[in-house]
Amino acid sequence: MSLTSLLPSAIVVDALTELQKKFGEARSSLVRIRSDRGRLARTGWRPRAPSETKLIRSAEWRVESAANGRSLGNTETLDFDLESRFVPTESAFSELISALDRGRREGKVARVFLRGIELDEPRFSIGGRSVAAAFFDLAFALSRDPDAVIVLPH
């Protein structure tokens with residue numbers, strides 16, 4: 001099984017290609033900035049919050065825990081963690097396909113933990129460049145289960 005065969009249709013590949021084209025350069029730039037700030041932080045530098053975001057930071061924030069409007073509180077979830085795997089094997093993706101199918105049959109909500117935005121998926125490229133691992137994971141998971149809850153890495 002190839003990584004391309006994990007994406008069930010040309011529409012999903014097109015959506016992934018669009019994500020990479022639209023956000024790939026910005027993602028690369030932000031990853032470089034994060035790396036630079038990490039080096040600075042190791043020297044003792046500490047970032048300051050920009051004054052222009054003060055109102056946003058001081059606003060009251062509330063985030064609902066929901067899957068397509070359903071509370072997850074009483075719903076059994078089926079978790080699959082791509083986040084902890086730098087490069088998941090093809091068998092791990094096959095395992096996820098089976099888990100998503102089984103979860104839907106059993107009425108469970110799938111939670112898929114994406115890999116970090118700083119990681120590339122080296123086995124899948126668009127225009128000669130590796131696609132962002134989080135983009136690949138997102139397209140893969142939602143193409144298999146549109147009701148899956150996507151968990152972003154911290």
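Which residue in β6 does Asp120 stand opposite? In this predicted model, the partner of Asp120 is Ala132. The pair belongs to β5 (residues 120-126) and β6 (residues 129-132), two strands that run antiparallel and are held together by 4 bridges. The hairpin they form has 2 residues between its strands, and Gly127 takes a positive phi near 60° there.

Stepping back to the whole chain, there are 5 helices and 7 strands. Read from the N terminus, the elements go α-α-α-β-β-β-α-β-β-β-α-β. Of the 154 residues, 30% are buried. Long-range contacts carry a good deal of the picture: among contacts with a separation of 6 or more, 72% link residues 24 or more positions apart.

Next comes the parallel sheet. Three strands line up in the order β3-β4-β7, giving an open sheet of 3 strands with parallel pairing. The edges are taken by β3 and β7, and each has a single partner strand, so one side of each has no neighbour in the sheet. Ignoring direction, neighbouring strands here are turned by 20° against each other on average. On one side of the pairing scheme, β3 (residues 77-81) is joined to β4 (residues 109-113) by 5 bridges. For β4 and β7 (residues 149-151), the count is 3 bridges. Phe113 is a handy landmark, since this β4 residue stands opposite Asp81 and also opposite Val151 in β7. Arg111, for its part, faces Val149 of β7. Packed on this sheet is helix α4 (residues 90-105), which touches β3 and β4 and points at about 170° to the direction of β3.

The same α4 also packs against α5, with the two axes 10 Å apart and at an angle of about 35°. The crossing is right-handed. On the α4 side, Phe93, Leu96, Ile97, Leu100 and Arg104 take part, and they meet Phe136, Asp137, Phe140, Ala141 and Arg144 of α5.

Helix α5 deserves a closer look. With 12 residues (133-144) at 1.5 Å a residue, α5 should span 16 Å, and the 17 Å between its end C-alpha atoms agrees with that. Plenty of α5 is tucked away: Ala133, Ala134, Phe135, Phe136, Asp137, Ala139, Phe140 and Ala141 are buried. As a reminder, an α-helix has 3.6 residues a turn, so residues three or four places apart point the same way.

A second helix partner of α5 is α2 (residues 10-41). Their axes come within 10 Å and cross at roughly 155°. An angle over 145° counts as roughly antiparallel, and α2 and α5 are therefore roughly antiparallel to each other. This crossing, too, is right-handed. From α2, the contact draws on Val12, Leu16, Leu19, Gln20, Phe23, Gly24 and Arg27, while α5 supplies Phe135, Phe136, Leu138, Ala139 and Ser143. Phe136 thus appears in the α2 contact as well as in the α4 one.

Two residues near the start of the chain show how the sequence ends up folded back on itself. Val12 sits in helix α2 and, because its relative accessible area is 12%, under the 20% cut-off, it counts as buried. Its C-alpha lies 6.5 Å from that of Ala139, even though the two residues are 127 apart in sequence. Beyond its neighbours within four places in sequence, Val12 is in contact with Leu7, Ala139 and Ser143.

Leu7 is the other one, found in the loop between α1 (3-6) and α2. Is this loop residue buried or exposed? Its relative accessibility is 6%, so Leu7 counts as buried. Ala139 turns up again here: Leu7 and Ala139 are 132 residues apart in sequence, yet their C-alpha atoms are 7.7 Å apart in space. Setting aside neighbours within four places in sequence, Leu7 is in contact with Val12, Val13, Leu16, Phe124, Phe136, Phe140 and Arg144. Within that list, Phe136, Phe140 and Arg144 also belong to the α5 side of the contact with α4, and Val12 and Leu16 to the α2 side of the contact with α5.

Conventions
Residues numbered from 1 in each chain as written. Predicted model: local features only at pLDDT ≥ 70, side-chain atom pairs only at ≥ 80, totals over all residues. Heavy atoms only, no water. Expected span 1.5 Å × (residues − 1). Buried < 20%, exposed > 50% of the residue type's maximum accessible area, 1.4 Å probe, protein only. Pairing = 2+ DSSP bridges. Axes fitted to C-alpha atoms, helices over the stretch in contact; angles between N-to-C directions. Parallel < 35°, antiparallel > 145°, perpendicular 65-115°, else oblique. Left-handed = near helix turned anticlockwise from the far one by under 90°. Contact = heavy atoms within 4.5 Å.
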